[in-house]
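Welcome, and please open the model in your viewer with the cartoon and side chains ready to toggle. We will go from stop to stop, with something to select at each one.

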Amino acid sequence: MLRLFLPDFILENFEFKGVIEDSETFHIELEELNSPPSEWDNIKVLSKGFFPQIVIQDFPIRGHKVFYHIRRRRWLNTETSKVIYRNWSLVEKGTRMTGDFAAFLKEINRYSPE
């Protein structure tokens with residue numbers, strides 16, 4: 001069922017934790033999976049919790065505004081004692097929306113009713 005509403009990218013990298021629905025809004029809670037990227041295979045990492053939650057707006061679903069509440073994971077490189085994390089580009093620069101949604105809004109704004 002989630003595949004109908006969430007992009008594959010989200011489903012492959014985040015765990016769905018729940019949804020809060022009110023009369024106008026869906027708040028979808030997601031948590032990054034504890035699976036370090038393959039480029040870190042040669043270093044020993046240890047999960048060290050999450051960064052503060054971010055909120056991103058996406059396409060409306062069935063007349064409801066959609067907000068992703070995302071918790072990104074961080075790991076500790078045990079060799080260097082530095083915190084490392086994936087460099088996600090989830091938010092379109094200058095907005096609090098996903099790139100696809102921002103591009104969609106930019107595109108429809110190009111056309112004026114005539």
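Two strands are said to pair if DSSP finds at least two bridges between them. With that in hand, select β6 and β7: they pair in the antiparallel sense over three bridges. Before going further, keep in mind that this is a predicted model.

**The whole chain**

Zoom out and colour by secondary structure. You should find two helices and seven strands, following the pattern α-β-β-β-β-β-β-β-α along the sequence. Now colour by accessibility: of the 114 residues in the protein, 30% are buried.

**The sheet of three strands**

Select β3, β6 and β7 together. They form an open sheet with the order β3-β6-β7 and antiparallel pairing. Which strands lie at the edges? They are β3 (45–50) and β7 (82–84), each of which pairs on one side only. Look along the sheet, and you will see neighbouring strands turned against each other by 35° on average, direction ignored.

As a reminder while you look, strands of a sheet pair through backbone hydrogen bonds, either parallel or antiparallel.

Next, keep β3 and β6 (residues 73–77) on screen. These two run antiparallel and are joined by four bridges. To trace the register, select valine 45, whose bridge partner in β6 is asparagine 77. Then select phenylalanine 50, which has arginine 73 as its bridge partner in β6.

Move across to the other neighbour of β6. Here leucine 76 stands opposite valine 83 in β7. Follow the chain through the hairpin of β6 and β7, where four residues lie between the strands. Stop at serine 81 in this hairpin, which takes a positive phi near 60°.

Is β6 mostly covered or mostly open? Show its surface: four of its five residues are buried, and the strand is mostly covered.

**Two aromatic pairs**

Display the aromatic side chains. The structure holds two aromatic pairs. For one of them, select tryptophan 40 and tryptophan 75, which meet edge-to-face at 5.3 Å centre to centre, with 80° between the planes. This pair links distant parts of the chain: tryptophan 40 sits in the loop between β2 (25–32) and β3, while tryptophan 75 belongs to strand β6, 35 residues apart. Both tryptophan 40 and tryptophan 75 are buried.

For the other pair, select phenylalanine 51 and tyrosine 85. They too are edge-to-face, at 5.1 Å centre to centre and 85° between the planes. Distant parts of the chain are linked here as well: phenylalanine 51 is in the loop between β3 and β4 (54–61), and tyrosine 85 is in the loop between β7 and α2 (99–109), 34 residues apart.

Why do these two rings count as partly exposed? Partly exposed covers the range between under 20%, which is buried, and over 50%, which is exposed. Phenylalanine 51 counts as partly exposed because its relative accessibility is 22%. Tyrosine 85 is partly exposed because its relative accessible area is 44%.

**A patch on the surface**

For the last stop, select Met1, Leu4 and Phe5 and show their surface. Together they make a nonpolar surface patch of about 390 Å². Phenylalanine 5 lies in the segment before α1 (8–13). With 36% relative accessibility, phenylalanine 5 counts as partly exposed.

Key
Residues numbered from 1 in each chain as written. Predicted model: local features only at pLDDT ≥ 70, side-chain atom pairs only at ≥ 80, totals over all residues. Heavy atoms only, no water. Axes fitted to C-alpha atoms, helices over the stretch in contact; angles between N-to-C directions. Patch = residues over 30% accessible without salt bridge, like charges linked within 9 Å, V, L, I, M, F, W, Y side chains within 5 Å. Areas by Shrake-Rupley, 256 points an atom, 1.4 Å probe, with all protein chains shown as cover. Salt bridge = Lys/Arg side-chain N within 4 Å of Asp/Glu carboxyl O. Buried < 20%, exposed > 50% of the residue type's maximum accessible area, 1.4 Å probe, protein only. Phe/Tyr/Trp six-rings, centres within 6.5 Å; stacked < 30°, edge-to-face > 60°.
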